[in-house]
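Trainee: I'm new to this structure and would love a close look at one part. Could you pick a single spot and walk me outward from there?

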Amino acid sequence: MVATRAPEDACTAEPFVPDHGGLTALRRAAAGCRGCPLHRDATRTVFGAGPADARVMLVGEQPGDQEDRQGKPFVGPAGKLLDRALAEAGIDAGEAYVTNAVKHFKFTRAEPRKRRIHQAPTLREAAACGPWLAAEPAVVEPELVVVLGATAGKTLLGSSFRVTEVRGTVLEEEIHGRRERLVPTVHPSSVLRADDREAAYRGLVADLEVAARALA
Ligand code: URA
Ligand code: SF4
């Protein structure tokens, strides 16, 4: 039997990322990314979406089932909740650039043809996809990055990132040669799973209000 897996050390999007041509070139190239094994089972790359001159960039984990079908980030249940929370905090979702740490949907199936069940990406997969997440702020140049949950946080800020320690605060960090201001918060999916959904939702809105004030 011939091994079909790419060598472990070849796990990076780097060779696929164009160095010019803006968001259009990035999006086009990302559609053909083979930087890690996740492209094999997913339907398509779900690249970031939103205006190229957005003042705020939101970074999630990875596309889910609906995002994989539609090719756009945050269009499923977590995205609906996020839109509502953003509106309540006074951030216009239509003016934000929204993306994910990992650009392909990772899932398992209990049985063939059964519902696809979301699987969290490993930090290794997030690192492989990192060159796309580095290229997006370099082009969009947002004034603020909203970090949605642990995967985005660890990818952008390192593996010691703990969302509970820094949520709702404005951080300043040098990331890929750019001085970024970031506001971390929980992932909207964690609100959907919380025992006390209302309290979790209020917490998300409060953190997004910190982001809104930092943009004012
Ligand atoms: N969860 C994410 O992190 N990103 C999406 O695009 C959808 C759900
Ligand atoms: Fe490329 Fe990222 Fe998709 Fe892996 S998950 S194939 S690195 S776009």
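Mentor: Let's start from A78, which, apart from its neighbours within four places in sequence, is in contact (heavy atoms within 4.5 Å) with P188, S189 and L192. Bear in mind that this is a predicted model, where local features need pLDDT of at least 70 and side-chain atom pairs pLDDT 80 or more, while totals for chains, interfaces and linings use all residues. Residues are numbered from 1 along each chain as its sequence is written, chains are lettered from A and ligands numbered from 1 in written order, and side-chain values use heavy atoms, without hydrogens or water.

A78 belongs to helix α3; helices (DSSP H or I, at least four residues) and strands (E, at least two) are numbered from the N terminus. Is A78 buried or exposed? A78 has a relative accessible area of 11%, so A78 counts as buried (under 20%; exposed is over 50%, partly exposed in between, with a 1.4 Å probe and protein chains only). Another residue to find from here is H187, which lies 109 residues away from A78 in sequence, while the C-alpha atoms of A78 and H187 are 8.4 Å apart in space.

A78 and H187 meet again at the largest pocket, where G64, A78, H118, H187 and S189 lie nearest the centre, out of 29 lining residues. The elements that give two or more residues to that lining are α2 (65–70), α3 (77–89), β4 (116–118), α5 (150–157) and α7 (188–193). Of these, α7 gives the most, with 4 residues. Here a pocket is an open set of points on a 1 Å grid over the protein atoms alone, with protein on both sides within 12 Å along at least five of seven lines; a cavity is a set where a 1.4 Å probe fits but cannot get out, and lining residues have an atom within 4 Å of a point.

Follow α5 away from the pocket and you can pick out its buried residues, T151, A152, G153 and L156. The cover over the buried residues of α5 includes helix α4 together with the strands β1 (56–60), β5 (144–148), β6 (171–175) and β7 (178–185). Right after α5 comes G158, with a positive phi near 105°.

Helix α4 (residues 123–140), part of that cover, takes us to the largest cavity, for it gives the most to the lining there, with 4 residues. In total 15 residues line the largest cavity, and C33, C36, H104, C129 and W132 are the ones nearest its centre. You will meet those names again around ligand 2, whose surroundings are A13, C33, G35, C36, H39, V102, K103, H104, A128, C129 and W132 (each with a heavy atom within 4 Å of the ligand).

Two loops finish the tour. The loop between α4 and β5 holds E141, a residue other than glycine with a positive phi, near 50°. E141 has 53% relative accessibility, so E141 counts as exposed. In the loop between β6 and β7 sits H176, whose phi is likewise positive, near 50°, in a residue other than glycine. With a relative accessibility of 62%, H176 counts as exposed too. If you now turn back to A78, you return to a buried residue among those nearest the centre of the largest pocket.
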